[in-house]
Amino acid sequence: MERILDIRAALKRGIAELRDANVPSYTLVAELLLLHVLGHDRAWLYAHPEETVSSLDAHRFISLIARRAEGDPTQHLTGKQEFWGLEFEVTPDVLIPRPETEHIIEVALDRLAVRELRTGRRRALTGEDLQLIDVGTGSGCIAIALAKELPGAHILATDVSPAALAVARRNAARHSVTDRIHFLESNLLNALSVGARYIEPLQSNLTKNSDQESVVTIHESHSFDLIVSNPPYIGRKEKETLMREVRDHEPELALYGGEEGYELYADLISQAAQFLKTGGILVLELGHNSLPAVQPLLDLPNWTAVGVTDDLAGIPRVIAAERS
Ligand SMILES: C[S@@+](CC[C@H](N)C(=O)[O-])C[C@H]1O[C@@H](n2cnc3c(N)ncnc32)[C@H](O)[C@@H]1O
C-alpha cells in the first residue's frame with residue numbers, strides 16, 4: 001500500500017479491485033469508500049486528485065475495498081444511507097433503506113393532502129393532530145421521514161427486533177424527532193391494546209411503566225389516521241436468487257415474509273382495519289410478486305379507494321387504501 005501516494009492512485013487501485021470482484025457500480029463504490037475514509041465530499045475529491053493519502057488512510061481504504069469485494073454492502077462499511085434526503089445510520093441489524101420505499105412517503109403525503117382538501121381545509125399539510133403508525137420500522141427511515149414532513153404528527157413505530165429499534169431510536173435522535181415518535185417492540189400491532197393509557201404518553205414524553213413498558217394502551221381501537229409499512233416480503237424459496245450482499249448481510253427478519261413472501265400481509269391488513277379511523281389511510285410496500293395475494297385483502301366492507309403505484313422499474317410497489 002506504500003506505493004499509493006495520491007487520491008488518483010488510491011482510487012485507481014480501489015476501482016480495479018472492485019471491478020475484478022464484479023462489484024456493481026465499482027467506480028462509485030470506490031469513491032464512496034475513499035470519501036468515507038478521508039471525511040471529505042465528492043467535490044473535494046475531484047478538486048484534489050494529487051493530494052497525498054496518509055499511509056493510515058490508505059490502509060483503511062484498502063481494507064474496506066477488500067471487505068466490499070468479499071460482499072459486505074457499502075452501507076455497512078460507511079455506516080450510513082440516504083433516504084428521503086436524510087442521512088440514516090445503518091448497521092447489520094436493519095434493512096438498508098431502499099429508494100423505492102420513498103414511494104410510501106409520496107403516496108402517504110398525497111393521500112393525507114387529498115383528505116385535508118376533502119374536509120375543506122386548504123392550509124399546508126402539517127400533520128397537526130394526526131396519529132400515525134409505521135409497522136416494521138427497521139432503521140426508522142419511514143417514520144422519521146414522515147415526522148420531518150409532518151411536524152405536527154405523532155408516530156408509533158413498531159418492530160419485532162429490539163436491535164433494529166435501538167438503531168431507529170438513534171436515527172430519531174439524529175433528526176431531532178424523538179419527542180414525536182414512540183418506538184414499541186411488537187409483533188405487527190399485537191402489543192397495542194384498547195384501554196385507558198396511550199395518546200397522552202404518545203403526545204408528550206412517554207413515562208415508562210416498568211412492568212408494562214412494551215404495552216401501549218389506546219383509548220379506542222379506531223384511533224389512527226395513517227398506517228404505513230414496508231413489511232418483509234421476500235419468499236424464503238427465493239433466497240438463493242438474492243444478491244449475496246442482501247442474502248448474507250441483511251437481517252433475515254427484514255427480508256423474508258414466509259415461504260412465499262406475502263404471508264404477513266393478511267394479519268397486517270386486518271390489524272390496520274382495527275386501528276384506523278374511518279377515512280384512515282393504509283399504505284403498504286409490495287414485493288415484486290405480492291400484488292395478486294395482497295389486492296384481494298383490501299376489499300369491501302373494510303376498504304375503499306384502493307390504488308397501486310408502480311416504482312421506476314414499472315413494478316407495482318405500493319398499495320394504498322382507505323378505511324371505509
Ligand atoms: C423490510 S424491513 C423494513 C424496514 C424499514 N421500514 C424500511 O422500509 O427500510 C421490515 C422490518 O419489519 C420487521 N419485522 C419483521 N417481522 C415483523 C413482525 N412480525 N412485526 C413487526 N416487525 C416485523 C423487521 O425486523 C424489519 O425491521
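The following dialogue reads selected features of a predicted model.

Student: Which strand does β4 pair with, and how do the two run?

Tutor: Strand β4 (residues 154-159) is joined to β5 by five bridges, and the two run parallel. One of the residues to inspect is Thr158, whose bridge partner in β5 is Leu184.

Student: What unit do β4 and β5 make with helix α8?

Tutor: Together with helix α8 (residues 162-174), the two strands make a β-α-β unit, and this unit is right-handed.

Student: Is strand β5 mostly covered or mostly uncovered?

Tutor: In a regular strand, side chains alternate between the two faces of the sheet. Strand β5, at residues 181-185, is mostly covered, with four of its five residues buried.

Student: Which residues have the most contacts inside the largest nonpolar core?

Tutor: That core has 34 residues, and those with the most contacts inside it are Leu132, Leu146, Ile181, Leu226, Val228 and Val283. Helix α7 (residues 141-149) gives the most to this core, namely seven residues. Beyond its neighbours within four places in sequence, Leu146 is in contact with residues including Ile105, Leu109, Ile155 and Val228. A second core, separate from this one, has 32 residues, among them Ala191, Leu276, Val294 and Ala321.

Student: How many aromatic pairs does the structure hold?

Tutor: There is one aromatic pair. Phe83 and Phe88 form it, with 6.2 Å centre to centre and 70° between the planes, an edge-to-face arrangement.

Student: Why does Phe83 count as buried?

Tutor: The cut-off for buried is under 20% relative accessible area. Phe83 counts as buried because its relative accessibility is 1%. Phe88 is likewise buried, at 0% relative accessibility.

Note on methods. Residues numbered from 1 in each chain as written. Predicted model: local features only at pLDDT ≥ 70, side-chain atom pairs only at ≥ 80, totals over all residues. Heavy atoms only, no water. Buried < 20%, exposed > 50% of the residue type's maximum accessible area, 1.4 Å probe, protein only. Pairing = 2+ DSSP bridges. Right-handed = clockwise from strand over helix to strand, strands pointing away. Phe/Tyr/Trp six-rings, centres within 6.5 Å; stacked < 30°, edge-to-face > 60°. Core = buried A, V, L, I, M, F, W, Y, C linked by side-chain atoms within 4.5 Å. Contact = heavy atoms within 4.5 Å.
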